[in-house]
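Open the model in your viewer and keep the sequence panel in sight. This tour goes from selection to selection and says what is there at each stop.

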Amino acid sequence: MAKITLMNVSKHYKGGEIQALKDITLEIEDGKFFCLLGPAGAGKTTTIKLIAGIEQVDSGQIFMDDQEITDLLPNQRDVAVAFETYALYPQRTVRENLAFPLRAPIRKKEWSEEQIQRRVEEIAHLLGIHELLDRLPRQLSGGQRQRVALGRALVRKPKAYLFDEPIAHLDAKLRHRMRGELRRIQLELGITTIYTTPDQLEALSLADYMAILNEGKIEQVGSPTEIYQRPANVFVARFVGDPPMNILRSEVEGDEISLFGLAKLSLPAAIRSKLTQAEIEKSLMVGVRPRDIRLVSPSSGEALLRGQVKYVQVLGETSILTVTMDSHEVRVKMNTQDAPNRGEAVGLSFAVQDCHFFNPFTEKRLD
Amino acid sequence: MSSRRYILWWVLPAAILFLVIILIPFVTALTFSFRSFSFTSSVSTGQYIGVDNYRKLVFDNDFYNSFRVTFLYLVPAIVLQGILGLGMALLIAGAVRRARVLIPIMLLPTLLTPVVIGLIGVLTLNPDFGVIGQLLKKWGLVQGSVLGNASTALPAIIAVDTYQWTPFIAVILTAGLLALPKEPYEAAQVDGANPIQTFFRVTMPLLWPYFIVALLIRVIDAFRIFDIIWVMTRGGPGTATETVAVYAYRHTFRYWDFGYGSALIMVIFVFISILVEYLYKALQRWQAAQ
Amino acid sequence: MSVEAQTFRPISPANKASALSSRRLLTYVSYLLTALLVVLFLFPWLWVLSLGFKTRAEIMSPNIVWFWTPTLNNYIEVLINKGYWRLIINSLIVAVSAVALCIVIGVPTAYAFSRFPIPGKESWFYMILTFRMAPAVVLALPLYVLFARAKLLGTFGAPILAHCTFTLPFVIWLMRSFFDDIPKEIDAAAMTDGYSRWETFLYAILPLVKSGIVAVALFSIIFSWNEFLYGLILTSDATRPVASQIPSLIRPHGTLWGEVCALATTASLPVAFLIFALQRQLVRGLSFGAIKG
């Protein structure tokens with residue numbers, strides 16, 4: 001168990017053409033479940049590889065507790081990795097794959113053959129692959145291979161687990177179950193875990209705290225609640241939460257802002273003062289989560305915006321409406337039973353305290 | 001980086017072996033090429049004579065003849081083998097797809113000991129009791145011995161070479177044919193191309209890399225051919241079949257002229273390395289394309 | 001016309017039946033021609049093989065003898081009475097030693113070339129290929145001189161080391177292509193599983209290229225077995241391999257063709273056997289791995 005620290009880490013690929021990580025500084029506390037969330041190509045896998053020692057940093061340092069591990073070989077770091085590409089040993093059975101880490105010459109004294117077999121069975125049961133133990137990787141489906149890859153990491157108790165999209169290839173139901181299992185195992189063992197995923201919901205539901213990575217840069221670090229409630233910039237605001245937050249361009253008119261020139265909203269004093277500091281005079285980005293918008297009668301005085309329902313997407317209990325006004329679109333999330341029909345005229349209402357205000361140039365949060 | 005230092009240990013044994021059996025001998029030959037050796041003096045000394053050996057080479061008609069013979073052998077052999085190999089590949093691809101065992105059978109002549117291939121040439125072409133030699137004599141195509149006649153000896157070697165290497169080109173091209181993607185054919189079919197158009201516009205361009213690799217290997221091989229010629233004609237009659245490698249052998253190990261032989265070796269080596277560069281680039285392009 | 005093109009030729013429903021049967025006919029014709037080609041290419045070899053089982057009179061007969069009672073006299077005479085079985089053993093000693101040495105030394109090097117950032121990697125590879133492709137005569141002369149100084153001439157060391165000049169580059173070149181086919185994630189997995197680089201190579205990677213190593217070794221044995229020039233000039237009568245001895249048995253007059261053919265047959269059978277053993281890797285070996293067989 002260990003704290004992992006990245007200090008000003010940068011990494012390029014292909015002779016410097018592609019910058020995978022740009023000056024990353026990150027501290028992952030001991031024993032925590034840490035999620036790295038970001039779209040494909042954000043640098044999540046690179047971060048995992050650098051911490052594991054599979055790739056070398058171009059600049060910067062990596063620490064485990066207080067020991068610098070930047071130049072250590074992977075086998076000297078005592079981390080376990082579950083690769084997104086599985087990287088199973090193709091000529092070995094599932095059983096041998098799972099036992100492989102325990103059979104490493106450096107662990108010869110720690111593990112007897114009997115202990116190894118017992119541990120392999122245990123992990124196989126946990127992951128529901130005990131019936132596949134004598135098969136070869138090529139005889140398994142993608143989801144089964146992924147569980148073997150995960151099992152090969154979980155089979156030992158290292159200083160840290162590094163999981164690179166470890167359940168991405170499982171079907172939805174199994175994914176849900178595995179999420180719960182992983183969280184349970186991690187809580188039980190208390191081993192520092194770094195978990196990458198492009199799925200914001202997965203990150204929000206698993207993480208003690210998380211970082212959002214985009215184009216090799218960290219956009220925000222914080223607990224899932226912090227990140228959901230106070231996204232640091234427009235990217236995070238739109239990436240976390242489903243459907244994405246509505247970002248409304250608006251004009252500043254004295255103490256009020258005008259949304260699409262259709263509605264007026266009084267500006268909170270806190271934001272007002274930030275505006276002067278940031279030398280923003282005219283425009284502003286206002287973010288509202290679809291679930292924070294209420295549907296009201298278009299003739300009602302509560303209606304801030306009035307529009308027409310363009311689509312209704314039913315997701316079981318909830319539905320997502322796309323409401324258009326002039327050329328603008330706003331998404332609203334609501335209970336399916338209350339949802340209007342396509343083409344109906346509706347009024348939209350939301351509270352100013354549910355709004356997120358962003359600098360239109362830097363796209364950073366204002367308050 | 002901590003791992004960089006021990007990369008050396010991985011390659012050290014091979015590097016030492018490479019140094020001892022290849023680089024040191026090569027440099028030795030390079031120094032020999034500036035020296036003169038006579039039968040009376042000890043092998044290890046030799047007298048420094050500057051570029052005299054190379055100067056002698058420039059005026060040596062036999063040297064030019066050896067390149068001429070090599071090309072006279074190489075060009076028809078490769079054209080013949082390219083055409084026959086392609087035809088053969090198109091013919092056998094369907095059968096090979098079902099019976100992979102055809103590949104080793106076809107490749108038997110290619111991988112058989114060259115000395116034995118030469119022997120096959122000598123015996124089949126024998127005018128008195130050879131299967132082919134008898135026929136040639138009966139039909140009046142050749143008077144006397146095929147290999148003893150300056151005008152027929154080289155064609156005979158080309159024929160034996162073609163016997164040995166056509167299967168090689170055919171098998172490489174067959175591998176290419178069997179690996180062809182289906183999409184371009186579907187596209188050509190949609191465009192209404194006839195089989196001949198499809199062949200020239202789809203098959204040939206896709207097959208081209210295989211062709212290049214096979215032909216380059218053959219071109220370089222032409223400068224190595226020695227065993228077969230040695231068994232069949234020893235470069236004769238006269239110098240009619242004396243290719244570059246045979247000529248170099250005559251001057252080193254027949255005449256024991258180490259200085260001049262080394263100069264020859266250097267020239268051949270430079271020539272080969274230029275050819276190999278083309279091969280290497282073709283291989284890299286080929287691998288990059290995959 | 002390509003086989004692929006045939007497969008995708010459009011067939012209108014109206015004449016589907018006749019198109020199918022004519023296509024099937026075409027297929028059978030191509031099988032027949034393939035069979036003929038196989039016979040054509042095997043015939044000269046088989047004919048020379050047959051001479052080894054004939055008497056001198058049968059061989060020299062102006063009318064080719066197609067039916068005869070096979071005799072083993074040539075084999076007995078050349079292999080046992082003249083003691084040329086030693087040549088086969090010599091070939092075996094030289095080929096197996098050279099290949100074993102080059103596999104042990106060359107395989108880790110090939111792995112290093114596949115995985116490590118070796119400075120000037122491609123230049124080294126170009127050089128390796130150049131020496132592999134140069135005629136034997138280029139190195140034969142200096143090797144002769146150097147081995148003479150080292151008193152290696154006439155020992156097995158001379159042909160074994162000389163054969164390494166083409167076997168080592170071949171092993172490194174081809175093994176690298178096998179290693180390149182293995183995803184680097186496998187190495188990464190083994191190393192994070194606690195294995196050192198060397199242990200990763202031994203326990204995770206080598207088992208994956210086992211068949212590749214066997215193929216490269218068998219191929220190298222064929223090349224070594226077939227080699228002529230080094231075996232001729234760097235050896236004595238006691239250490240000469242069979243391929244290098246055969247030409248000296250062919251004389252301008254009075255050649256004992258039956259015995260030559262018997263010896264040549266004995267020499268070429270192991271090669272034929274190895275070719276069949278190599279079946280799956282033949283294309284790759286012959287094209288230096290540029291084309292995956």
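**Chain B: start here**

Select chain B. Of its contacts with a separation of 6 or more, 67% join residues 24 or more positions apart. This is a predicted model, and the values below are computed from it.

Colour chain B by secondary structure. You should find 12 helices and two strands. Follow the chain from its N terminus: the order is α-β-β-α-α-α-α-α-α-α-α-α-α-α. Both strands thus come directly after the opening helix in that pattern.

Turn the chain along its principal axes. The C-alpha atoms fill a box of roughly 75 × 75 × 35 Å. How much of chain B is buried? Of its 290 residues, 47% are.

Now colour by pLDDT. The mean for chain B is 86, and 94% of its residues reach 70 or more. Two elements mark the ends of the range. Strand β2(B), residues 47-48, has the lowest mean among the elements of the chain, at 80. Helix α5(B), residues 114-124, has the highest, at 93.

**Chain C: confidence and domains**

Keep the pLDDT colours and select chain C. Its mean is 87, with 92% of residues at 70 or more. Which element of chain C has the lowest mean pLDDT? Go to helix α1(C), residues 3-7, where the mean is 43. Then go to helix α5(C), residues 85-115, which has the highest mean, 95.

Stay at the start of the chain for a moment. Over residues 1-11 of chain C, pLDDT stays under 50. The model has 27 contacts beyond four places in sequence for this stretch. Read them with that confidence in mind.

Next, split the chain in two. Domain 1 of chain C covers 3-74 and domain 2 covers 78-286. Their C-alpha centres lie 33 Å apart. Nine residues of domain 1 and eight residues of domain 2 make the contact between them. On the domain 1 side, α2 (16-51) and α3 (56-60) of chain C are the elements that give two or more residues. Helix α2(C) gives the most, with three residues. By class, that side has four nonpolar, three polar and two charged residues.

**Where chain C meets chain B**

Show chains B and C together. The contact takes 86 residues from chain C and 89 residues from chain B. On the chain C side, select α2(C): it supplies the largest share, 14 residues. Colour that side by residue class. It has 68 nonpolar, 14 polar and four charged residues. Helix α2(C) is thus worth two visits: it gives the most to the domain 1 side within chain C, and it gives the largest share to the side that touches chain B.

**Where chain A meets chain C**

Bring in chain A. Here 20 residues of chain A are in contact with 15 residues of chain C. Which element gives the largest share of the chain A side? Select strand β6(A), residues 79-82, which gives three residues. By class, the chain A side has 16 nonpolar, three polar and one charged residues.

For the complex as a whole, the predictor gives an ipTM of 0.88 and a pTM of 0.86.

**Chain A: two domains**

Hide chains B and C. Chain A is assigned domain 1 (4-239) and domain 2 (246-358). Place a marker at the C-alpha centre of each: the two lie 39 Å apart. Five residues of domain 1 are in contact with five residues of domain 2. The domain 1 side of that contact has three nonpolar, one polar and one charged residues.

**Last stop: strand β8(A)**

Zoom in on residues 192-197 of chain A. This is strand β8(A), and six of its six residues are buried. Show the side chains. Thr192(A), Ile194(A) and Thr196(A) point one way. Thr193(A), Tyr195(A) and Thr197(A) point the other way.

Now add the neighbours. Strand β3(A), residues 33-37, pairs with β8(A) in the parallel sense over five bridges. Strand β7(A), residues 160-164, also pairs with β8(A) in the parallel sense, over five bridges. Centre on Thr196(A). It is the bridge partner of Leu36(A), and it is the bridge partner of Asp164(A) too.

Finally, show helix α5(A), residues 172-189. With β7(A) and β8(A), this helix makes a right-handed β-α-β unit.

Definitions and conventions. Residues numbered from 1 in each chain as written. Chains lettered and ligands numbered in written order. Buried ≥ 20, exposed ≤ 12 C-beta atoms within 10 Å, placed from the backbone. Helix = DSSP H or I, 4+ residues; strand = E, 2+ residues; numbered from the N terminus. Pairing = 2+ DSSP bridges. Right-handed = clockwise from strand over helix to strand, strands pointing away. Contact = placed C-beta atoms within 7 Å. pLDDT = per-residue confidence, 0-100. Domains from an automatic or database assignment. Nonpolar A, V, L, I, M, F, W, Y, C, P; charged D, E, K, R; others polar.
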